[in-house]
Amino acid sequence: MVTRRVRAPQFDFAALRRELDLPDRFPPAAQREAEEAASAPLPDRPDRTDIPFVTIDPIGSRDLDQAMCLTRRPGGYRVHYAIADVAAFVRPGGALEEETWRRGQTVYLPDGNVPLHPVALSEGAASLLPDRTRAAVLWTIDLDAHGGTTAVALQRALVRSRAQLDYATVQAQFDAGTAAESIALLPEIGARLTERGLDRGAINLPLPEQEIERDGAGYRLVLRAPLPAEEHNAQISLLTGVAAAGIMLAGGVGLLRTMPPPDPAAVQRLRAAAHALGIAWPDGAAVGRVIAAVDASDPRGAAFLDQAAELMRGAGYTAFDGTTPEQSTHGGVAASYAHVTAPLRRLADRYATEAALALTGGLTVPEWARAALPKLPKVMGGTDRVTSAAARGAVDLTEAVLLQDRIGETFDAAVVDVDSPRRTAPAPANPDGRQPGGTVALDEPAVRGRCTGELPLGERVRVTLVTADPVKRTVLFTRK
């Protein structure tokens, strides 16, 4: 794992919140509905508190959507996956439902989240917190020895998590062979699911992420590579999303998460970048397998993965009712796929889950859910843009504040992107008059920023900071 930290002074993100028009409170009627739902008795449903579920989330999380229990069975595995049953708390047509449609999904910022649901639900009665009986939607998925799905069952149930775990702790337990029995099989199952995905053409980009963490009175900027435990955990969510999509497609109604397959021209450009960067691309190897073999900690590998992000374009939501949509697959998953595993944080999951539940039971999809499906792609598209802007804006602001007193200093960096057309040779000035350049990733601090000058893709360079503007949230370097 690659982790680098650097401190920034204390500051708030109020301007970013205002710019994105993020709400600071719930309307009284919506808040009241949430509190009443949170204090209501648990619904009458099958009791599956005998299953020893655990949750795995980032440290400090309280909005726990998912809990799992993995077991071995003759010829394969059984995956028990409990998802918070948010629909049990949100009344169709009520003030709370209306407000969740306005928000779309939880926005995460360093100085506090803007939750999809009031905290009484999102971090309370609806969250799968440990040692508390909770209403859940329980997926039971049987796999063969190679990770192929052989059976899927879905029901509402009562569940009880035994422990709240975090990724770093779980990874350390996996490495030491001391993981809880409920998740001891996760590396084994996750590896099989990953391999099946690569076989069918799936693409996963293991890019290190810039994260902002509290650090006493201020913040620190962290560059963190994903842990294997996170990748394995994600495979269980993907497995469930693929199962949900299959149910909805078979039933003729639902909501899919879709993305076109990689553009052949983009794949050719990536092949050219691989050649220029010295990245091996064996004859006949699928792009996903080439990406999976790349070392993201190497500057050339990081540059290659940055170029590979171009393949993952055009993601969205596709609703259908009666006719299978022309675009019914997700290019990154290389299969039909639906979002159903994060209903506390994402609006669409509540309605897609309701469709899957009804269809699994041979029932008609409730009208309140069915009527919502065609409206969700537009709402989710808009809120996806807001959450992306919030995440990028928070990092940009932290970088600018962090560097504002270091203008004129020189830093070691790796070139991870260059202006199109991508090449390693010097490029002429752009037609719009902007100087040629690209994006560099500093060794320390963990900053990515635009840099002007002739930049060799995937090479190490020395760059000088010329701008760090917290108001505009921009940093700019030039090649030394």
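Trainee: In helix 3, are Glu99 and Arg103 buried or exposed?

Mentor: Both Glu99 and Arg103 are buried in this predicted model. The two residues also form a salt bridge, in which the closest N and O atoms are 2.9 Å apart. Because Glu99 and Arg103 are four residues apart in helix 3, about one helical turn separates them.

Trainee: Which other residues of helix 3 are buried, and against what do the buried residues of this helix pack?

Mentor: Helix 3 covers residues 95-103, and its buried residues include Leu96, Glu97, Thr100 and Trp101. The partners against which the buried residues of helix 3 pack are helix 2 (28-39), helix 4 (119-125), helix 11 (347-360), helix 12 (367-372) and helix 13 (376-403). Just after helix 3 comes Gly104, with a positive phi of about 85 degrees.

Trainee: How should I read a positive phi in a residue other than glycine, or a cis peptide bond?

Mentor: The general idea is that most residues other than glycine have a negative phi, and that most peptide bonds are trans. In this structure, Asp131 has a positive phi of about 65 degrees although it is not a glycine, and Asp131 is found in the loop between helix 4 and strand 5 (133-144). Arg473, with a phi near 55 degrees, is another residue other than glycine with a positive value; Arg473 is found in the loop between strand 14 (460-469) and strand 15 (474-479). As for the peptide bonds, the one from Glu444 to Pro445 is cis, with omega near 0 degrees, and Pro445 has its place in the loop between strand 12 (437-442) and strand 13.

Trainee: What is the accessibility of Arg473, and with which side chain does Arg473 meet in a salt bridge?

Mentor: Arg473 has a relative accessible area of 17%, and because buried means under 20%, Arg473 counts as buried. The side chain of Arg473 meets that of Glu19 in a salt bridge, at 3.0 Å from N to O.

Trainee: How is the protein divided into domains, and how do I read the interface between them?

Mentor: The division gives domain 1 (13-260 + 317-383) and domain 2 (405-478). In general, the size of an interface is often given as the accessible area lost when the parts come together. Here domain 1 and domain 2 bury about 390 Å² between them, with 49% of that area on carbon and sulfur atoms. Five residues of domain 1 are in contact with four residues of domain 2, and the rule finds one salt bridge across the interface of the two domains. The centres of domain 1 and domain 2, taken over C-alpha atoms, are separated by 37 Å.

Trainee: How many salt bridges does the structure hold, and what can one of them tell me about parts that are apart in sequence?

Mentor: The structure holds 30 salt bridges. One of them joins the side chains of Glu188 and Arg72, at 2.9 Å from N to O. Glu188 lies in helix 6 (residues 186-200) and Arg72 in strand 3 (residues 66-73), so the pair ties together parts that are 116 residues apart in sequence. Glu188 is partly exposed at 24% relative accessibility, whereas Arg72, with a relative accessible area of 54%, is exposed.

Trainee: With which residue does Asp306 form a salt bridge?

Mentor: Asp306 forms a salt bridge with Arg448, the closest N and O atoms being 2.6 Å apart. This pair links distant parts of the chain, with Asp306 in helix 10 (residues 299-308) and Arg448 in strand 13 (residues 448-452), 142 residues apart. Asp306 is buried, at a relative accessible area of 14%, while Arg448 is partly exposed at 32%.

Trainee: Which residues are linked in a network of salt bridges?

Mentor: Arg45, Asp85, Arg156 and Glu354 are linked in such a network.

Trainee: How many disulfides does a search of the whole structure find, and how buried are Cys69 and Cys451?

Mentor: The search of the whole structure finds zero disulfides. Cys69 counts as buried at 4% relative accessibility, and Cys451 is buried with a relative accessible area of 0%.

Trainee: Where does UniProt place the RNB domain feature?

Mentor: The unreviewed UniProt entry places the feature "domain: RNB" at residues 45-362. Over residues 45-362 the chain is 34% helix and 25% strand, and the end C-alpha atoms are 18 Å apart.

Terms used:
Residues numbered from 1 in each chain as written. Predicted model: local features only at pLDDT ≥ 70, side-chain atom pairs only at ≥ 80, totals over all residues. Heavy atoms only, no water. Disulfide = S-S within 2.5 Å. Buried < 20%, exposed > 50% of the residue type's maximum accessible area, 1.4 Å probe, protein only. UniProt positions renumbered as here; feature names shortened; annotations may be inferred. Helix = DSSP H or I, 4+ residues; strand = E, 2+ residues; numbered from the N terminus. Contact = heavy atoms within 4.5 Å. Domains from an automatic or database assignment. Buried area = accessible area lost by both parts, 1.4 Å probe. Salt bridge = Lys/Arg side-chain N within 4 Å of Asp/Glu carboxyl O.
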